[in-house]
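Colleague: I am new to reading structures and would love a close look at one part. Could you walk me slowly through the places where the bound ligands sit?

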Amino acid sequence: MNLILLGPPGAGKGTQAERIAATRGLKQLSTGEMLRAAVKAGTEIGRRADAVMKSGGLVSDEIVIGIIDERIDQPDCANGFILDGFPRTLAQASALDKLLKQKGKTLDAVIEIRVDDSALVERISGRFSCAKCGAGYHDLHKMPKVAGTCDQCGSTEFSRRADDNAETVKNRLMAYYRETAPLIGYYYALGYLQSVDGMAPIDEVTVQLNKALGA
Ligand code: ADP
Ligand code: ADP
Ligand code: ZN
């Protein structure tokens, strides 16, 4: 099963993708994570993406389409993948259609996680993650069960994203409404779109997603 999670920054795409991937044996593909890894490693792509990401803009279609093109051919995607943060523009969406056709793969569902704008800034500013395994947390909504210790791997080191600040968030929201929100109409028209209420608690959103995806 191959699916797309759509939604504004902070909607909960990464949180839910991690859960659905684990229970269904799918590979979570986050272009944001891949780009952050490229920046950290100092690759050519990382150098090109760094400043754009810091400002909250979108990295070029050419770069992210290239990343996805290569990534979905890997053996760990054979059982299916969850795209979290891709596509983000209409050009990326039509490139994805073409890539899937070329590779003989199908798209099974596109699920929009709906969240009120007023909640997004709070979600983003409270977000942090385990520095070792990447597990996601929130200052108010999802603290580690044992204070200061990662639930998943026991690490005591956590990190916050450089772009999770109030100034950049505004630009990221603008980019979402200008470039990504049209994809909701695009996938609706193609008959793929389903929506879940992303304002519900994390576990409840997972239940809704599983309902949408079926057994
Ligand atoms: P996205 O990948 O869409 O940018 P994340 O999954 O990183 O969003 O979630 C953003 C922040 O909000 C994280 O700190 C996460 O723990 C928290 N969060 C995610 N889903 C919910 C929810 N349903 N209710 C409250 N907080 C949530
Ligand atoms: P969030 O879900 O909080 O918006 P991501 O981790 O998905 O964050 O993305 C972080 C940044 O990486 C984006 O603000 C953008 O600069 C870049 N990025 C990630 N995915 C894409 C994409 N598909 N197209 C263009 N830029 C992207
Ligand atoms: Zn961890």
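Modeller: Happy to, and we will take the ligands one at a time.

Please keep in mind that this is a predicted model. Let us begin with ligand 2. Around ligand 2 there are 19 residues, and the closest are Thr31, Gly57, Arg88, Arg127 and Arg172. Sorted by class, this shell holds seven nonpolar, five polar and seven charged residues. Helix H2, which covers residues 31-41, gives the most to the shell around ligand 2, with four residues.

Now zoom in on single atoms. Arg88 has a polar side-chain atom 2.7 Å from an oxygen atom of ligand 2, and Arg36 has a polar side-chain atom 2.9 Å from an oxygen atom of this ligand. Val59 takes part through its backbone: one of its backbone N or O atoms lies 3.1 Å from a nitrogen atom of ligand 2. How much of ligand 2 does the protein bury? Taken alone, ligand 2 exposes 550 Å², and the protein buries 97% of that.

Next comes ligand 1. Here the shell has 18 residues, the closest being Lys13, Thr15, Arg127, Tyr137 and Ala200. You may recognise Arg127, as it is also among the closest residues to ligand 2. The shell around ligand 1 divides into eight nonpolar, seven polar and three charged residues.

Three backbone contacts are worth finding on your screen. A polar backbone atom of Gly10 is 2.8 Å from an oxygen atom of ligand 1. Gly14 places a backbone N or O atom 2.8 Å from an oxygen atom of ligand 1. At Ala200, a backbone N or O atom lies 2.8 Å from a nitrogen atom of ligand 1. On its own, ligand 1 has 570 Å² of accessible area, of which the protein covers 91%. Which elements give two or more residues to this shell? They are helix H1 (13-24), strand S6 and helix H9 (202-213). Of these, H1 gives the most, with three residues.

Finally, look at the zinc ion, which is ligand 3. Its protein donors are the SG atoms of Cys130, Cys133, Cys150 and Cys153, lying 2.3 Å from the ion. What is the geometry of this site? The angles among the four donor atoms run from 102 to 116 degrees, and the site is tetrahedral. If you follow the chain, the donors show the spacing C-x2-C-x16-C-x2-C. Cys130 lies in strand S5 (residues 127-130), while Cys153 sits in the loop between strand S6 (136-138) and strand S7 (158-159), so this pair ties together parts that are 23 residues apart in sequence.

These two cysteines also make a nice exercise in accessibility. Is Cys130 buried or exposed? Cys130 has a relative accessible area of 3%, so it counts as buried, a label that applies under 20%. Cys153, at 30% relative accessibility, counts as partly exposed.

For a little practice away from the ligands, find Ile45 in helix H3 (residues 44-55). Ile45 is partly exposed, with a relative accessible area of 30%. Its C-alpha atom is separated by 27 Å from that of Asn79, and the two residues are 34 apart along the chain.

Key:
Residues numbered from 1 in each chain as written. Chains lettered and ligands numbered in written order. Predicted model: local features only at pLDDT ≥ 70, side-chain atom pairs only at ≥ 80, totals over all residues. Heavy atoms only, no water. Near = heavy atom within 4 Å. Polar contact = N/O pair within 3.5 Å; in protein donor to acceptor, adjacent residues only side chain to side chain. Areas by Shrake-Rupley, 256 points an atom, 1.4 Å probe, with all protein chains shown as cover. Nonpolar A, V, L, I, M, F, W, Y, C, P; charged D, E, K, R; others polar. Donors = N, O, S within 2.8 Å, 3.2 Å for Na, K, Ca; no water. Tetrahedral: all angles 85-135°; square planar, octahedral: opposite > 155°, others 65-115°. Buried < 20%, exposed > 50% of the residue type's maximum accessible area, 1.4 Å probe, protein only.
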